[in-house]
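Thanks for asking me to look this one over. Here is the model, and my notes come after it.

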Amino acid sequence: MSDHEDQSPETSGNVDRGTPTRPMNLPLPKPFSGEAGQWKLWATRFDRVSLATQLHRKDEKEQVSIFLYSMGDQVDDLLAVMGITEAATTYKDIRERFDKHFAA
């Protein structure tokens with residue numbers, strides 16, 4: 001038996017650093033400023049948190065709710081101006097609508 005045969009992955013340095021077995025507990029991004037020029041940066045930060053916490057695997061209503069909550073207080077005014085009903089939309093739809101709104 002060689003010196004390396006009885007080593008576990010943890011002691012041999014060959015630790016699998018793939019996908020975590022449970023989602024990370026990360027803070028949400030700071031609320032969105034409401035400035036169109038800041039949208040892309042804010043949305044990118046939200047995407048990172050969504051991936052790291054596995055939010056993207058949750059049900060649609062939870063994804064929409066956390067996305068809107070993360071945006072901050074002005075989100076209700078934005079939803080009204082854009083004519084979006086939170087309960088009647090998917091995350092993909094609401095995200096696309098916000099992307100288009102702030103691209104204009």
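The points below go through the core, one helix, the aromatic pairs and the salt bridges.

1. A word on conventions. This is a predicted model, in which local features need pLDDT of at least 70, side-chain atom pairs count only at pLDDT 80 or more, and totals for chains, interfaces and linings use all residues. Residues are numbered from 1 along each chain as its sequence is written, and side-chain values use heavy atoms, with hydrogens and water left out.

2. The core. The largest nonpolar core (buried Ala, Val, Leu, Ile, Met, Phe, Trp, Tyr and Cys residues joined through side-chain atoms within 4.5 Å) has 19 residues. W39, W42, F67, L68, M71, I94 and F98 have the most contacts inside it. At least two residues of this core come from each of helix 2 (39-53), helix 3 (60-71), helix 4 (75-82) and helix 5 (91-103). Helices here are DSSP runs of H or I with at least four residues, numbered from the N terminus. Buried means under 20% relative accessible area, exposed over 50%, and partly exposed in between, with a 1.4 Å probe and protein chains only.

3. Helix 2. The 15 residues of helix 2 should span 21 Å, and its end C-alpha atoms are indeed 21 Å apart; the expected span is 1.5 Å times one less than the number of residues. W39, W42, A43, F46, V49, S50 and T53 are its buried residues. Seen down the axis of helix 2, they fall within an arc of 120°, so they line one face; the arc is taken over the directions from the helix axis to the C-beta atoms. K40, R48 and L51 are exposed on the other side of helix 2. The cover over the buried residues includes helix 3 and helix 5. Q54, with a positive phi near 65°, follows helix 2.

4. Two contact lists. What does W42 touch, not counting residues up to four places away in sequence? The list is P29, K30, P31, F32, F67, S70 and M71, where contact means heavy atoms within 4.5 Å. Q63, in helix 3, is buried at 8% relative accessibility. Leaving aside neighbours within four places in sequence, Q63 is in contact with L55, H56, K58 and Y91.

5. Aromatic pairs. There are 14 aromatic pairs. Rings of Phe, Tyr and Trp (its six-membered ring) pair if their centres lie within 6.5 Å; planes under 30 degrees apart count as stacked, over 60 as edge-to-face and the rest as tilted. F32 and F102 are edge-to-face, with ring centres 5.0 Å apart and planes at 75°. This pair joins the loop between helix 1 (9-12) and helix 2 to helix 5, across 70 residues, and both F32 and F102 are buried. W39 and F98 are stacked, at 5.7 Å centre to centre and 25° between the planes. W39 and F98 are both buried too. F32, W39, W42, F46, F67, Y91, F98 and F102 form one aromatic cluster.

6. Salt bridges. How many salt bridges does the structure hold? There are 2, counting a side-chain nitrogen of Lys or Arg within 4 Å of a carboxyl oxygen of Asp or Glu. D47 and R95 form one, with closest N and O atoms 2.6 Å apart. It links helix 2 to helix 5, 48 residues apart. R95 also meets D99 in a salt bridge at 3.2 Å, N to O, and R95 and D99 both lie in helix 5, 4 residues apart, about one turn. R95 is buried at 13% relative accessible area, whereas D47 is partly exposed at 35% and D99 is partly exposed at 31%. D47, R95 and D99 are thus linked in a network of salt bridges.
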